[in-house]
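Could you walk me through this structure in my viewer, one selection at a time? I am a first-year student, so please explain the terms along the way.

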Amino acid sequence: MQFQLPYSGLQWSDLPYVLLGVWNTLILTLAAATFGTLISIVIGWLRQDVPVARVVLAPYVDVTRSVPLIIQFILVNSSFALAGIPLEPLWVGVIVLSLYMGVLTSELVRAGLGAVRFQLKWASRSLGMSYWQELRYVSAPLALRTFFPGWIGTVIALTKDTALVSVVGYVELLRASQVLINRTNEALLVLAGTGLFYFAICYPISLYSRRLERTFQHD
Amino acid sequence: MIEIENVRKSFGTLEVLKSINLSIEKGEVLCLIGGSGSGKSTLLQCINGLQSIQGGNIIVDGTNVHARDTNLNTLRQKLGIVFQQYNAFPHLTALENVALAPRVVKKQSRRDALDLAREHLEYVGLGSKADMKPSGLSGGQQQRLAIARALAMKPAYMLFDEVTSALDPELVGEVLDTLRKLKESGMTMIVVTHDVAFARESGDRVAFFDQGVICELGPARQVINDPKEERTRQFLQRVLH
């Protein structure tokens, strides 16, 4: 039988555990950003171009935007458990964060599409382009330029929001570091290290976005 | 041939076109003149279905533009239109601007569309600007680009909606030269313009619009040099002096 001593110091063997946390954070961010963006494109487009959708989607948009994420995690987790289909913590995170990201980002999609001058749409349609051709070749590429900087900001925020999924038992980076702090009592060191990992994830995203924005600016 | 029969158009309670009758023959250049808000631009937008109408018919080569079963996307390929604001696609190069519709709408191969685009840029004198984005072009160049883009769809009719009004005076000439060249090639054109001199010299007929009606219609020189209607006379006096 093995006993874990209280306050045993940090060891190299803790690294795989931290990396597991990093991995889980990355997986969750990637899944939520992907699904969230897909949802946002559909919702943003619907809300911009289909008047009925504005009314129908309003409750979803308002609730998701106004209720704190941490409550949403617990509600979704408990609802599924009560319904007899308990979900893996990862899936709770993916569902809640995707829907949340979808709503936040749909505003950016809407703003992007709304920023395209209607005269450009007229010019496209007058050349014989259909609604979809105009959207695909003119409005969407132009909307992307408005959409992109805000989207990057949302993805970075999302990366950090994944930390909240720990409330339903998902061991992501922050949760992993809390476990280590409890054991080692080296809060400052562990948190500094954890912050560094978050930085290492988010900073390349910012760098990449700045480069992309510069290419857009040449247009 | 374009036939316009009793066309009425209103925006809310504001009646912009009140029973317009007009027909444009193949090969003709018809200039529409008149004050701001007289309805001439709106009429152009109605002709290619960008605006709905509240009464009457517009028939283009036998097709009723506003009939429910008319495929506007097909019909519009016949009706090139160029607007006051150049409306070049800002994310595409000049060449791509012109090649886009032939490729997407007419399903031409990329290479054919680019060849076609080059040919039309050449035609409007922008051969050397093919790889530039619109932001790098002057207003006059952007307007010629818009003309090339419309021509690349090989339309039977060209509609020009105050294409020189947004331009600096010294850039007007190059755009008008393109219009003259197009007239010489036999293109059927409806030109909304404030440039009375251009209308007199290049128009076959001129229609003077006033408050949503055609006040006077006749041979270009006659309408401008010797108008029959008092309102036409007053308008011309204001713009010529």
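Start by selecting Asn87(B), which counts as buried because it has 25 C-beta neighbours inside 10 Å. Here, buried means that 20 or more other C-beta atoms lie within 10 Å of the residue's own, exposed means 12 or fewer, and partly exposed is in between, with C-beta atoms placed from the backbone. Asn87(B) has a positive phi of about 55° although it is not a glycine. Most residues other than glycine have a negative phi. You will find Asn87(B) in the loop between strand E6 (79-82) and helix H3 (94-104) of chain B. Helices (H or I, at least four residues) and strands (E, at least two) are DSSP runs, numbered from the N terminus.

A word on what you are viewing: this is a predicted model, where local features need pLDDT of at least 70 and side-chain atom pairs count only at pLDDT 80 or more, while totals for chains, interfaces and linings use all residues. Residues are numbered from 1 along each chain as its sequence is written, and chains are lettered from A and ligands numbered from 1 in the order in which they are written.

Next, select E6(B). Leu79(B) and Ile81(B) point one way from the strand, Gly80(B) and Val82(B) point the other way, and all are buried. Add strand E7 (residues 157-161) of chain B: E6(B) pairs with E7(B) in the parallel sense over 4 bridges. Strands pair if DSSP finds at least two bridges between them. Which residue in E7(B) is the bridge partner of Ile81(B)? It is Leu159(B).

Now move to chain A and select Asn185(A), in the loop between helix H7 (173-184) and helix H8 (187-217). Asn185(A) also is not a glycine, yet has a positive phi of about 60°. Is Asn185(A) buried or partly exposed? With 13 other C-beta atoms within 10 Å, Asn185(A) is partly exposed.

Keep H8(A) and add helix H6 (residues 131-161) of chain A. These two helices pack at an angle of about 180°, with their axes 10 Å apart. Axes are lines fitted to C-alpha atoms, for helices over the stretch in contact, and angles run from 0 to 180 degrees between N-to-C directions. H6(A) and H8(A) are therefore roughly antiparallel, a term for angles over 145 degrees. The residues of their contact divide into 11 nonpolar, 3 polar and 3 charged. Nonpolar covers Ala, Val, Leu, Ile, Met, Phe, Trp, Tyr, Cys and Pro; charged covers Asp, Glu, Lys and Arg; the others, Gly among them, count as polar.

Definitions and conventions
Parallel < 35°, antiparallel > 145°, perpendicular 65-115°, else oblique.
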